[in-house]
Amino acid sequence: MPVKHLLNLAGDRLHTLPILVLYITDGCNSRCVTCDIWRNPRLNMSRKTVEQITASIDDLNIRWVLLSGGEAMQHPHWPEIARRFRERGVYTMLLTNGLLLKKQIDDVLATVDEVIVSLDGGTAETYEAIRGVDAFDLVVEGMRLVREGGLPVLTRTTVQRANYHEIPQIIEVCRSVDINHVSFLTVDVSNPHAFGPRFEQDVRIPMVASMGPGAPPEHGPPADALTPDDVARLRTILDDVEVRFADEFANGRMAESIEKLRGMLTYFGAINGTCDFDPPRCNAPRISTVIEVDGTLRPCYFLPTWGKLNDRTLREAINDADAQALRRAQRLGQRHECVSCVCPLYKGPRSLLKL
């Protein structure tokens, strides 16, 4: 029952699990400059782990599942995994770099409810510079085929120094193939836990949330963060976007409001020491769980892991002592990672009752 979701907000124990994120593979066919997961031997989530998780759908009232990776479509049995969730009434989303959408379009249309595509450039040149593969046209064509097949598509752009100037072009490209929602997220350069370990030597800067306005970062901003001059230019670009794409904001194609997009200015300003971070509202640890390819558990993308699923039921695993301690620390404002989170998730009581 949806009303049980509300019990999650009352303490640190999860009575239901509305949203589940699965890293079903560590394999990836991109060569992104900000991630080196593609250098590692591929590990796929086992059938046993998938069976453990799907066995808990009714018990935990799982309503949404996001299949991720690595590149989720490189798991040899990803359509079967998606189908198992969808047939049980779970809204099933596929997060993908889009390289295999055209090739596997029939499986996509038959097994998922929504496709989320990482689109990190508005031109082929910028896309290749960030993603490491010459595939911009292939990805756009794949998105077009998904839309023609009747499925909703959301694009997610990680805004960084190499592509922030192409925000208008990205919106134009998405509009040209009738993308339902266009979303922009700042590149995370302050959180060592985000999306799991990706580099042998962490290239991110230390957490700077405690610095006051005007205090420079200890080691300077990383290469993919915007500089103060870039931030000024981004401000001008967003002013133009607000006017040029007013219809897209009005009809909901733009996933974020212009006010939320301007929050990127604050984030990069804080990275450069010119202002403080603006801590977002978030209750992700109370409504979601991330399960990595080997069964490792974390409360969200941006908080550390606490253990593995192993032979426990999912209910047991998400409510052990370490899991509840992490949620308690987040609830009490004791997790410094949450101060600079770039992708908060919040659902209030009304939203939870609709799940």
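**View 1. Arg233 on helix 8 of this predicted model.** Let us start with a single residue. Arg233 sits in helix 8, which spans residues 228–244. Is Arg233 buried, exposed or partly exposed? With a relative accessible area of 47%, Arg233 is partly exposed, because a residue counts as exposed over 50% and as buried under 20%. Leaving aside residues up to four places away in sequence, Arg233 touches Tyr164 and His165. Tyr164 lies 69 residues from Arg233 along the chain, yet their C-alpha atoms are separated by 9.1 Å.

**View 2. Helix 7 beside helix 8.** Here we stay with helix 8 and bring in its partner, helix 7 (residues 167–176). The two axes come within 9 Å and cross at roughly 30°. Helix 7 and helix 8 are therefore roughly parallel to each other, since angles under 35 degrees count that way. Which residues meet here? From helix 7 come Ile167, Pro168, Ile171 and Glu172, and from helix 8 come Leu234, Ile237, Val241 and Arg244. Sorted by type, the residues of this contact are six nonpolar, no polar and two charged.

**View 3. The open sheet of nine strands.** Now for the sheet. Its strands follow the order 6-5-4-3-2-1-7-8-9, and their pairing is mixed. Which strands form the edges? They are strand 6 (181–186) and strand 9 (307–308), each of which pairs on one side only. As background, strands of a sheet pair through backbone hydrogen bonds, either parallel or antiparallel.

**View 4. Strand 1 between strand 2 and strand 7.** Strand 1 covers residues 19–23 and pairs with strand 7 (residues 288–291) in the parallel sense, over four bridges. In that pairing, Val21 has Val290 of strand 7 as its bridge partner. Strand 1 also runs parallel to strand 2 (residues 64–68), and five bridges join them. Here Leu22 has Leu67 of strand 2 as its bridge partner. How many residues of strand 1 are buried? Five of its five residues are, leaving the strand mostly covered. Both faces are covered, with Ile19, Val21 and Tyr23 buried on one side and Leu20 and Leu22 buried on the other.

**View 5. Thr296 in strand 8.** Further along the sheet order we meet Thr296, which belongs to strand 8 (residues 296–298). Thr296 counts as buried because its relative accessibility is 10%, and the cut-off is under 20%. The side chains of Thr296 and Asp294 are joined by a polar contact of 2.8 Å. Setting aside residues up to four places away in sequence, Thr296 touches Val290, Ile291, Thr305, Gly307 and Lys308. Val290 may look familiar, as the bridge partner of Val21, and Gly307 and Lys308 carry the numbers of edge strand 9 (307–308).

**View 6. Leu154 and the helix across strands 4 and 5.** Our last stop is Leu154, found in strand 5. Leu154 is buried, with a relative accessible area of 14%. What does Leu154 touch, not counting residues up to four places away in sequence? Its contacts are Glu114, Val115, Ile116, Val117, Ile179, His181 and Ser183. Leu95 is 59 residues from Leu154 in sequence, and the two C-alpha atoms are 9.4 Å apart in space. Helix 6 (residues 136–148) lies across strand 4 (114–118) and strand 5 (153–159). Relative to strand 5, helix 6 runs at about 150°.

Note on methods: Residues numbered from 1 in each chain as written. Predicted model: local features only at pLDDT ≥ 70, side-chain atom pairs only at ≥ 80, totals over all residues. Heavy atoms only, no water. Pairing = 2+ DSSP bridges. Helix = DSSP H or I, 4+ residues; strand = E, 2+ residues; numbered from the N terminus. Contact = heavy atoms within 4.5 Å. Axes fitted to C-alpha atoms, helices over the stretch in contact; angles between N-to-C directions. Buried < 20%, exposed > 50% of the residue type's maximum accessible area, 1.4 Å probe, protein only. Polar contact = N/O pair within 3.5 Å; in protein donor to acceptor, adjacent residues only side chain to side chain. Parallel < 35°, antiparallel > 145°, perpendicular 65-115°, else oblique. Nonpolar A, V, L, I, M, F, W, Y, C, P; charged D, E, K, R; others polar.
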